[in-house]
Amino acid sequence: MNSLLFFKRRSVWILALFLLAIASVLFVFNNYSFYDRPIATILETTTYDEELVVDQFDNEDRIYTQAIVAELRNGDQEGEMIELTNQYSDSGAYDHSFSPGSDVFVFIESDEEERLSGSIVDVKRDHYLVLVGWFFLFILMAVGKKQGFYSAISLGVNGLILSFALDLYIQTSNDWLLPISAVSAVLFTVVTLLLVNGANEKTYTAILSTLIVTAITMALAYLVLTLLDGRGLRFEEMQFLTRPYDTVFMAGVLIGILGAVMDVSITMSASIFGMYEENEAIDESTLKTSGLEIGRDVMGAMINIMFFAYISGAIPSILLYFRNQAPLDFILSLNLSLEIARALVAGIGIVLAIPVGLYLSIFFVRRRRARG
């Protein structure tokens, strides 16, 4: 009877989410009136010009010009036709071609002889984002079941926390960035682990381990950065900021390592408590040996994941400098110094999370045994 009731409740939730997904998709495909900027749907495109361009390093690219006829979908001129011009290249670095059916934001430049003309400002992407978001949620729930659903909720809550923290920092002085980031890191950890794993000793251990390891790792990173006075780090990618580079860098490192440390901490906690709950008579030496073995297996994979995650973001810039004949040492130092530094700090946090998570878990297991 209870299982039948649970199945019915789960079916109701799935049906409600499915209907909500359909409603939200229909809404974003028809929400033109909610935008202040003019939106047009492309009806016809014609490519009428092609030009070969060569830069000083003999890199070739082709520039194409499109004549576009589109229909305005909002504003006082809704339903009227507008003629647009679009230039795009084979490289597609700052542009792309359009096809019929695309929705774009436009700037209306003139209204002569009852014919509107203008230019494309941006692409309307909300319907793509909603479709991908719902696809991600349903895949997450199909694999993770209830935990997948709570993971999605924690992701949304953490996004709101991050948005609020950034808004708060913009309204304050530069000195508040690291304190705001630290408070946000605590909230990220608590929200994520409590929602995904529930309120239990395993979760409390992982939270405590994550916060301790993150604090130690950040202290070491700050000490090294202070002693070396930032030598070897190239902050050119932050040159447009009006905030102190080193403070912004440290805040990014803090948020960046949090996920890796959290992952290792919950893995260590879950494995130790899992072995104890499977066999309450298990001795501590066996827990330590097994826990260290699990930690070593996780360590190698996580360090490589963090390395590739950081380095992958620099690939476009590296390719651009290579195509423009820049020296290899200049390319690597300019584009990878910050990414390698972040990866190294994250690696230290991952390594520290293994013994800290292990011994904290054993400590709480010992307390549970003492309570009988």
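1. Aromatic pairs are a good place to begin in this predicted model, and the structure holds 7 of them. In one pair, the ring centres of Tyr64 and Tyr88 are 5.1 Å apart and the ring planes meet at 25 degrees, so these two rings are stacked. Planes under 30 degrees apart count as stacked, which is the cut-off to keep in mind when reading that angle. Tyr64 belongs to strand β2 (residues 60–72) and Tyr88 to strand β3 (residues 81–89), so the pair ties together parts of the chain that are 24 residues apart in sequence. Tyr64 and Tyr88 are both buried.

2. Another pair is formed by Phe307 and Phe308, whose ring centres lie 5.6 Å apart with planes at 65 degrees, so this pair is edge-to-face. Here the cut-off is an angle over 60 degrees. As for accessibility, Phe307 has a relative accessible area of 36% and is therefore partly exposed, while Phe308, at 52% relative accessibility, counts as exposed. A reader comparing the two pairs may find it helpful that a pair of aromatic rings is described by the distance of the centres and the angle of the planes.

3. The strands deserve a point of their own. Strand β1 (residues 39–54) runs antiparallel to β2, and 13 bridges join the two; within this pairing, Leu52 has Arg62 of β2 as its bridge partner. Strand β2 is also joined to β3, again in an antiparallel arrangement, by 9 bridges, and Val69 has Glu83 of β3 as its bridge partner. The stacked tyrosines discussed above lie in β2 and β3, which are joined by these bridges.

4. Which residues have the most contacts inside the largest nonpolar core? They are Phe249, Val264, Ile272 and Leu287, in a core of 48 residues. Helices α3 (177–197), α4 (201–228), α5 (245–278), α6 (284–312) and α8 (328–370) each supply at least two residues of this core, and the largest share, 16 residues, comes from α5. Leu287 can serve as an example: apart from its neighbours within four places in sequence, Leu287 is in contact with Ile272, Met275, Tyr276, Ile282, Leu358, Ile362 and Val365. A second core of 13 residues is separate from this one, and Ala40, Ile68, Leu84 and Ile120 are among its members. As general background, nonpolar side chains in soluble globular proteins tend to be buried together.

5. Some buried residues in the helices carry polar side-chain names that a student may wish to look up in the structure. Thr214 is found in helix α4 and, at 5% relative accessibility, counts as buried; leaving aside neighbours within four places in sequence, Thr214 is in contact with Leu254, Ile257, Leu258 and Val261. Thr192 lies in helix α3 and is buried as well, with a relative accessible area of 17%, and its contacts beyond four places in sequence are Ser154, Asn158 and Met262. Ser337, in helix α8, is buried with a relative accessible area of 11%. Between the C-alpha atoms of Ser337 and Gly349 there are 19 Å in space, for a separation of 12 residues in sequence.

6. Is Lys124 buried or exposed? At 1% relative accessibility, Lys124 counts as buried, and its place is in the loop between β5 (115–123) and α2 (126–170). The side chain of Lys124 reaches the backbone oxygen of Val28 at 3.0 Å and also makes a polar contact, at 2.9 Å, with the side chain of Asp126. Leaving aside neighbours within four places in sequence, Lys124 is in contact with Val28, Asn31, Tyr32, Tyr35, Ile39, Asp103, Val104 and Phe105. One of these residues, Tyr32, is 92 residues from Lys124 in sequence, yet the two C-alpha atoms are 9.7 Å apart in space.

7. A last point concerns Phe105, which appears among the contacts of Lys124. Arg37 lies over the face of the Phe105 ring, at 3.9 Å from the ring centre.

Definitions and conventions. Residues numbered from 1 in each chain as written. Predicted model: local features only at pLDDT ≥ 70, side-chain atom pairs only at ≥ 80, totals over all residues. Heavy atoms only, no water. Phe/Tyr/Trp six-rings, centres within 6.5 Å; stacked < 30°, edge-to-face > 60°. Helix = DSSP H or I, 4+ residues; strand = E, 2+ residues; numbered from the N terminus. Buried < 20%, exposed > 50% of the residue type's maximum accessible area, 1.4 Å probe, protein only. Lys NZ or Arg CZ within 6 Å of the ring centre and 35° of its normal. Core = buried A, V, L, I, M, F, W, Y, C linked by side-chain atoms within 4.5 Å. Contact = heavy atoms within 4.5 Å. Pairing = 2+ DSSP bridges. Polar contact = N/O pair within 3.5 Å; in protein donor to acceptor, adjacent residues only side chain to side chain.
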